[in-house]
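This report looks at a pair of packed helices, at the contact between two chains, and at some unusual points of the backbone.

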Amino acid sequence: MSEQSGAQAMQFGIMSVSDITRDPTTGVTPSEQERIKATLAIATHAEEVGLDVFAIGEHHNPPFWSSSPTTFLAALAAQTERLIVSTSTTLITTNDPVRIAEEYAMLQHVSDGRMDLMLGRGNTGPVYPWFGQDIRQGLPLAIENYALLHKLWREDVVDWEGKFRTPLQGFTSTPRPLDGIAPFVWHGSIRTPEIAEQAAYYGDGFFANNIFWPKEHYQRLIELYRQRFEHYGHGTREQAIVGLGGQVFMAAKSQDAVNQFRPYFDNAPVYGHGPSMEDFTEMTPLTVGSPQQVIDRYAAMREHYGDYQRQLFLIDHAGLPLKTVLEQLDILGSEVVPVLRKELAKDRPAAVPDAPTHAARVKATYGDGPTRQARPGANRGDNLTADSPYEDTPAPAGAAFGLGRKGA
Amino acid sequence: MTTRRIAVVSAGLSNPSSTRMLADRLAAETVKALAERDIDATVDVIELRDHAHDITNNLLTGFAPPALETAINTVVSADALIAVTPIFSTSYSGLFKSFVDVLDPDALTGKPVLIGANAGTARHSLAIDYAIRPLFAYLHAEAVSTGVFAASSDWGGAGDDVAPLAKRVEKGARELAEAIARREAATVADPYDPATYLGEGRSFGHMLGGLAGE
């Protein structure tokens, strides 16, 4: 079992969309409280069985419960030792980037760096008007809001004017990122080449949904991201940071898995009443069968997409009861992930980077030297009269300090 | 001699289908009219009946199963489209509209289209102009002014004597052939080419509105 501080070629984990769905076999729909507690149990169990990451989606409408991912993830970080807590996805379109900067920097501090986040545009149309935005501006919002978020984590004092948000003069997002290292960001996408471009431009991670569609869609997106990552000078295409979704249901005998999962598949809000489970498993990465079938299918992912850094599975949706999900985790942890770790490490080129961790990124910036510990200057109520409201300027190269405001 | 590709979409539900019969005549006549203009043309016919389940699945899951995806690519990459549907309850068939609904809304922009429709009697013939033509107008396709409606009687001796079906087919086909001949051969922009989504020679800095100093 790898330590959080140790280098890790690949991270494996699970992601939840936080749906509260009626169990079609019992007719029982859990309450919000039951499902929230169940998800905490699932996430802590992910660590117990040796997985590395738990990621939660963000939604603002029933039947979902995860409107406040950082609150949930802070509780989860407090109950775990090693698990990286993350999102899938955080809405960069309708959240104020200032609040994202603040909330996730706070999560970074309370989790001692055991966090990152994935940005997405969201798939629920009315969320835009509920938060005062226009869905037709989805892409420009994603681009401008991330540009501001990126800046807020890297510059102590920010002057900003954009199209969508009220301007900022002399604004400092607090707390400053832990150790002066901004949280790692994945840009999640199902179909949008501009998002692959955005991830490549910043040298951030790119996460392909890899759940609903045939692999050819994601191959083109990932290929584009790798090519543009190199274009923008962040490294070779092999050095780009790629994450993949996935979806599995397992039992010792594959026919048992098929029989057990079918009623959930047939009634699932996302694909129920559409293609048959057999067609869907053939067309998409959904794998319903024995642990060995899952291993075979997912060990082949790097043939499709190249060596990658993070694999997240969706295993807790469609009304599956807690007990079943915990059993799925046991199988993942004991039979599937250990084998996949070995398989995907075989012949992995040395140039391929390890999965990103806070510890590794601190080391890359500071070596073994001291890290930034931001301390506000004494009795400072404003940011406008000096270069920085913090005592510890100037910054070592590469750390997320303010660049100093010329002429301030 | 240049070569163009014509996609034919036939939304008839029975097999054999009089919708398909009309579609075939429109296609053959268009090929002939193009040949007279020294343009070679190939025809790909898509029977929506063969894709009915996939179209429903696409509506539910958001992605096209492989056979339907091939059909969609055939339509969107063609130089011209011949679209023929039976008239149900004053409009195109539900299957026809469902197929249109799984296309990207921009996919038919600027594409020459010849509309055909059929029904039991000629009393439905205006449906082409008040129901089907607005759909293609919305999609920014360029439907030729003649739409060809075939009533059951058009296939026999009780058809329209003043403007028999063969004449109307020939008129519509000629208009489509002229529209094809006026245009360059179709090219499809690769959505994953940065030049497509950023603009030729541009970088992400442009999308950031000059933040990157571009």
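## Helix packing in chain B

Angles under 35 degrees between helix axes count as roughly parallel, those over 145 as roughly antiparallel, those from 65 to 115 as roughly perpendicular, and the rest as oblique. In this predicted model, helix 2 (residues 52-61) of chain B packs against helix 4 (residues 94-102) of chain B at an angle of about 50°, the two axes lying 10 Å apart. Helix 2 of chain B and helix 4 of chain B are therefore oblique to each other.

Helix 2 of chain B passes helix 4 of chain B in a left-handed crossing. To the contact, helix 2 of chain B brings B:A52, B:I55, B:N58 and B:L59, while helix 4 of chain B brings B:L95, B:S98, B:F99, B:D101 and B:V102; these residues divide into 6 nonpolar, 2 polar and 1 charged.

## Interface of chains A and B

Chain A contributes 30 residues to the contact and chain B 21 residues, and together the chains bury about 2,000 Å², of which 70% is on carbon and sulfur atoms. On the side of chain A, the residues A:I143, A:Y201 and A:M283 supply 23% of the area buried against chain B, more than any other three residues. Across this interface of chain A and chain B, the rule finds 0 salt bridges.

## Backbone features

The peptide bond from A:T174 to A:P175 is cis, with omega near -10°, and A:P175 is placed in the loop between strand 7 (168-171) and strand 8 (185-189) of chain A. In chain B, the peptide bond from B:N15 to B:P16 is cis, with omega near 5°, B:P16 being in the loop between strand 1 (2-10) and helix 1 (18-36) of chain B.

A:N210, although not a glycine, has a positive phi of about 55°, and this residue, A:N210, lies in the loop between strand 9 (205-208) and helix 7 (215-231) of chain A.

Note on methods:
Residues are numbered from 1 along each chain as its sequence is written. Chains are lettered from A and ligands numbered from 1 in the order in which they are written. This is a predicted model: local features need pLDDT of at least 70, side-chain atom pairs count only at pLDDT 80 or more; totals for chains, interfaces and linings use all residues. Side-chain values use heavy atoms; hydrogens and water are left out. Axes are lines fitted to C-alpha atoms, for helices over the stretch in contact, and angles run from 0 to 180 degrees between N-to-C directions. Helices (H or I, at least four residues) and strands (E, at least two) are DSSP runs, numbered from the N terminus. A crossing is left-handed if the near helix is turned anticlockwise from the far one by less than a right angle, and right-handed if clockwise. Contact means heavy atoms within 4.5 Å. Ala, Val, Leu, Ile, Met, Phe, Trp, Tyr, Cys and Pro count as nonpolar, Asp, Glu, Lys and Arg as charged, and the others, Gly among them, as polar. Buried area is the accessible area (1.4 Å probe) that two parts lose on being put together, summed over both. A salt bridge is a side-chain nitrogen of Lys or Arg within 4 Å of a carboxyl oxygen of Asp or Glu.
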